[in-house]
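These are my notebook entries on a single chain. I record what I looked up, entry by entry.

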Amino acid sequence: PPAMLRDEDTEADFQRFLRRVDEVANLLQGLNSSDPAVQEEAIAETEKKLREEGASREEEESRTTVNRTVINTSDTARAEAVDAGAFLAALEKDAKERAQQRKRNEQLANALKEKGNEAFREGDFALAIQRYTEGLEKLRDKQELYTNRAQAYLKLHEYEKAISDCEWALKCNKNCLKAYFLMGKAHLAVQHFSECRQCYEKMLQIDPQKENLFKECVNEASLEEKRVRDEERAVREVQAGNAAALSIQELLQRINTPGQDILCYTRGIRLLAEAVNDCTGQTLFRTNNGFSILGNEPVRGAFCAERKSPAEVELCVSLLLLWQAACAGNEENQRLLLGQPEVSAQLPELLSSGTHEIQRETLALMSLCSENESGRRLLAQQDLTRWLQVLMAFVKNTDKEADGALSILSDLIVANREILESHFPLPEGLAHTHVLFPGGLVFIFPSLPVFQGRLRQENRAGTALTVGMVGSLCADAELRAQLARSRECWQACLDECSDGSSPGNSQSVLAALGLMMNLLLEPSDTIQDFAVPISGRCLALLSHQDGRIVTGATGVLSRALPASPSAVEEVVKGGVVKKMLKFLKVAGQLTSSYAIKTLSICTKSSRQAQEELVKWDKRFQVLLKLLESENELIVGNAAFCLSQCLLIPGAATSLLDSNVVLLLLRQAGGDAQRTSVQQNSAIALGRLCKAEPRHIPQLRKLNGFSILNSAMKYVHSS
C-alpha cells in the first residue's frame with residue numbers, strides 16, 4: 001500500500017498554520033477595503049476572533065489550582081475598556097511582522113534551494129536532501145523544496161520518503177504536476193502499479209497537454225508490470241521442472257565455463273539461440289545473467305576483434321543471432337543489451353566491418369530494436385553521429401539490406417526529435433541540456449542513391465522513405481537552410497515529381513512535395529534555378545487523382561512562384577488561373593489557402609493572370625465568397641487579387657448591384673490580426689470607386705469614407 005504521512009500531530013499543526021495564514025490575510029484584506037460594509041464586517045469578525053482567543057485563555061487559566069477570579073475580573077474589565085481600534089492596530093502590526101518574517105524566511109529558503117540544486121547537479125544527493133530540509137525548516141509550505149527533495153530521495157532509492165514528500169507538496173499545491181509525476185515514479189519503483197497509474201492519470205487531468213508524457217509513463221509502468229509477471233512465470237516453469245527452461249539454465253552454465261575453445265562457445269551459443277524461442281525463454285536468459293556473456297574473455301575477444309578469423313566471425317554471427325532471439329519483442333532485454341557500453345560501442349563497427357554475414361545480422365538486430373519506440377530511443381541515445389555515418393555509407397549498397405538501413409535511419413531521426421521534444425521534470429531551477437542533432441551529417445545526404453539517380457526504380461517505398469527521412473531533418477532551421485542550398489536535393493525532388501501519374505509512385509511524390517514545402521521556407525539562390533521546372537511539374541500534378549498530391553503541388557506553387565517571374569509567366573500560360581478557381585470552388589480550407597495565395601502571386605505581376613481571373617470568375621463570385629471567410633490569410637489574399645483585377649477595364653462595372661462595397665468595408669474597418677486584410681481591402685475599395693464612380697453612393701451610405709480614412713494608416717502605398 002502507498003505510504004501515508006506518519007506524524008499526525010505534525011500534519012495537524014501544519015494544517016492549522018495554513019488556516020491561520022489564510023484567516024489573517026482575509027481579515028487584513030477586509031480591513032483595508034474601500035467598501036464600508038466590507039470593512040465593518042471585517043472589524044466585527046476581528047473582534048469576534050479576539051473574544052474567542054480571550055475566552056480560550058481564561059478557560060485555560062481556570063484549569064489551574066489557583067483561584068484567580070478576582071484578578072481575572074479586573075483584567076477582563078480593563079480589556080473590555082480598551083478601544084477596539086487598538087486591537088485592530090495590534091493585529092495589523094502582528095500581521096506585518098509575520099509577513100516580513102516570512103519574506104526573510106523565503107529568501108533563506110530560496111538560497112538553500114539553490115545550494116540543494118547545485119549539490120543535485122554534482123550528484124551529491126544526500127547533501128541536496130540536507131539543503132532542501134534546511135530550507136523547509138525556514139519555510140514549511142514551499143512546494144518546490146518538497147518536490148526537489150523527493151527527486152533526490154528517488155535517486156537514493158528511498159521511495160517511501162519520496163512518496164511522503166510528494167504528498168506534502170500536494171498539500172501546498174493540489175495541482176502540482178511534478179509531485180504526481182515523481183510520486184508515480186516512486187510507486188512504480190516499489191511495484192505499486194495501480195497507484196502509479198492513478199498518479200499519471202491525475203497528471204493528465206491537470207494538464208491535458210502532457211498527453212505524450214502521460215503515454216510514455218504509462219507505457220513504462222506497463223512494461224515493468226509485464227517484466228514482473230514474466231519473471232514470476234519463469235520461476236514457476238523452473239520449479240515445475242520444465243525441460244526447456246532447465247536447458248536454458250544448463251546451456252548458460254556451459255557457456256560460462258572457462259577454458260573452452262572458440263568452436264565450443266560457438267556451438268553452445270547456437271544451441272542457446274534455438275532454445276530462447278518464447279517469452280519465458282527470453283526471461284530466463286535475462287534472469288540467469290545471459291547478457292553477461294561478454295564477460296567471458298574468448299567471447300569478448302572475438303566480438304571486439306578488429307580483424308576477425310573465420311572462427312571469430314562464426315562466433316560473432318552466432319552471438320548476434322542469440323541477441324536477436326533474446327530481444328525480439330522484448331523491450332526489457334533490448335534495454336539491457338543496448339545498455340552495455342561494449343555492445344553500443346561495437347555494433348556500429350560490426351555494421352561497417354565489411355564482412356557480409358556480420359553486417360547482415362547486425363542490421364537485423366538493429367531493425368528489431370527500432371521496431372518499437374523505446375528501442376528507437378535506446379539506439380538514438382547512443383553515439384548518434386557514428387550510427388548515422390555508418391548507416392549513410394551502408395545505404396549506398398544496391399542490395400536489399402540498404403532498405404533496412406534506410407528504415408533504421410528514419411527511425412533514429414524521428415527518435416532523436418522525440419527525445420529533444422520530451423520534457424521531463426527536473427529539480428526547480430535546473431534547466432534541460434539537449435544534445436543537438438549532428439548538423440554536419442547533412443552534407444552526407446547528397447551521396448544517397450536517390451540524390452544521384454541510382455535508386456532502383458522498383459523500390460519506390462525506399463525512395464519515399466529516403467526523401468521523407470531528409471524531410472524530417474527540416475525541423476531544424478540550420479539543417480533546413482543547408483538543404484535548401486543543395487542542388488542535388490532540389491534535383492532529387494524534381495526527379496521524384498516527374499512520374500507522378502503511376503499509383504505506385506504516390507508516396508514518393510508526396511514525400512518530395514513535403515520536402516520542398518519545408519525547403520521553401522528558407523530563402524535560397526538555388527531555388528531560382530529550379531523554380532521554373534518545379535512549377536511546371538507541380539502544374540502537371542494538379543490533375544492527379546490523389547487529393548493529397550494536388551494539395552501538396554498547390555502548396556509548392558504558392559511558395560516557389562515568388563522566387564521567379566519566369567515561373568509565374570509559364571504557369572499562367574499553362575492555365576493555372578482556371579485550375580486555382582476550380583479548387584477555390586470545391587476544395588477544403590488548406591488547398592484554398594494555397595490556391596488563393598498562388599492567384600495573388602500571379603495577378604501581382606501578370607496582366608494575363610488578371611484578365612483570365614476577370615474572364616473565368618464571372619462577377620467575381622468566387623472572390624466575393626472568399627471575402628467572407630473566417631481565415632484572415634484567405635481574406636487578405638482575396639482582397640489583393642480583387643484589387644489587382646480592378647485594374648482591368650470593365651471589372652469594377654461588373655460589380656455594380658453586388659455587395660462588394662459592404663464586404664470590403666467590413667474588412668477594411670475590422671480588427672483582423674493581419675494588417676494586410678485592412679490594407680488590401682482599403683486599396684481594393686479605392687480602386688473600385690476610382691474605376692467606377694457609381695459605387696461611391698453606396699460607400700457614402702455605409703459611412704465608408706470615415707472607415708476608409710481610419711484604414712489608411714495600414715496603406716503605405718497603393
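**Entry 1. Positive phi angles**

Where in the chain is the place of D657? I located D657 in the loop between α33 (632-645) and α34 (660-668). I note here that the model is a predicted one. I looked up the backbone of D657 and found a positive phi of about 70°, although the residue is not a glycine. I then checked the accessibility of D657: its relative accessible area is 84%. Exposed requires over 50%, so D657 counts as exposed.

I turned next to R619, another residue other than glycine with a positive phi, here near 50°. R619 sits in the loop between α31 (607-616) and α32 (621-626). With a relative accessible area of 42%, R619 is partly exposed.

**Entry 2. The chain as a whole**

I counted the secondary structure elements and obtained 37 helices and zero strands. The chain has 718 residues, of which 46% count as buried. I also looked at how contacts are distributed along the sequence. Among contacts with a separation of 6 or more, 69% are accounted for by residues 24 or more positions apart.

**Entry 3. An annotated repeat**

I consulted the UniProt record, an unreviewed entry, which places the feature "repeat: TPR" at residues 177-210. I computed the make-up of residues 177-210 and found 79% helix and 0% strand. The end C-alpha atoms of this stretch are 10 Å apart.

**Entry 4. Aromatic pairs**

How many aromatic pairs does the count come to? I obtained four aromatic pairs. One of them joins F120 and F125, whose ring centres are 5.2 Å apart. The planes of F120 and F125 stand at 70°, and over 60 degrees counts as edge-to-face, so I entered this pair as edge-to-face. Both partners are buried: F120 has a relative accessible area of 9%, and F125 has 19% relative accessibility. The cut-off for buried is under 20%, so F125 at 19% still counts as buried.

I then examined Y146 and W168, an aromatic pair that is stacked. Their centres are 6.1 Å apart, with 15° between the planes. Y146 belongs to helix α6 (residues 143-155) and W168 to helix α7 (residues 159-172), so the pair ties together parts that are 22 residues apart in sequence. I checked burial here as well: Y146 is buried at 7% relative accessibility, and W168 is buried at 11%.

I also looked for a charge over a ring. K578 lies over the face of W616, at 4.0 Å from the ring centre.

**Entry 5. L136, a contact of Y146**

Which residues is L136 in contact with, leaving aside its neighbours within four places in sequence? I found K142, L145, Y146 and R149. L136 itself lies in helix α5 (residues 125-138). Its relative accessible area is 8%, so I entered L136 as buried. I also took the C-alpha to C-alpha distance from L136 to N105, which is 9.6 Å. These two residues are 31 residues apart in sequence.

**Entry 6. H695 and its surroundings**

I found H695 in the loop between α35 (675-691) and α36 (696-701). Is H695 buried or exposed? I entered H695 as buried, because its relative accessibility is 5%. I then searched for polar partners: the side chain of H695 reaches the backbone oxygen of A652 at 3.0 Å. A652 also appears in the contact list of H695, which leaves aside neighbours within four places in sequence. The rest of that list consists of L655, L656, V660, V661, L688 and C689. I checked C689 from that list and found it buried, with a relative accessible area of 10%.

**Entry 7. Cysteines**

I searched the whole structure for disulfides and found zero. For C641, which is in no disulfide, the nearest cysteine sulfur is that of C645, 6.4 Å away. A disulfide would need the two sulfur atoms within 2.5 Å. I closed the entry with the accessibility of C641: its relative accessible area is 0%, so C641 counts as buried.

Key
Residues are numbered from 1 along each chain as its sequence is written. This is a predicted model: local features need pLDDT of at least 70, side-chain atom pairs count only at pLDDT 80 or more; totals for chains, interfaces and linings use all residues. Side-chain values use heavy atoms; hydrogens and water are left out. Helices (H or I, at least four residues) and strands (E, at least two) are DSSP runs, numbered from the N terminus. Buried means under 20% relative accessible area, exposed over 50%, partly exposed in between (1.4 Å probe, protein chains only). A polar contact is a pair of N or O atoms within 3.5 Å; within protein, one must be able to donate a hydrogen and the other to accept it, and residues adjacent in sequence count only if both atoms are side-chain atoms. Contact means heavy atoms within 4.5 Å. Rings of Phe, Tyr and Trp (its six-membered ring) pair if their centres lie within 6.5 Å; planes under 30 degrees apart count as stacked, over 60 as edge-to-face and the rest as tilted. A charge sits over a ring if NZ of Lys or CZ of Arg is within 6 Å of the ring centre and within 35 degrees of the ring normal. UniProt positions are given in the numbering used here, feature names are shortened, and annotations may be inferred rather than shown by experiment.
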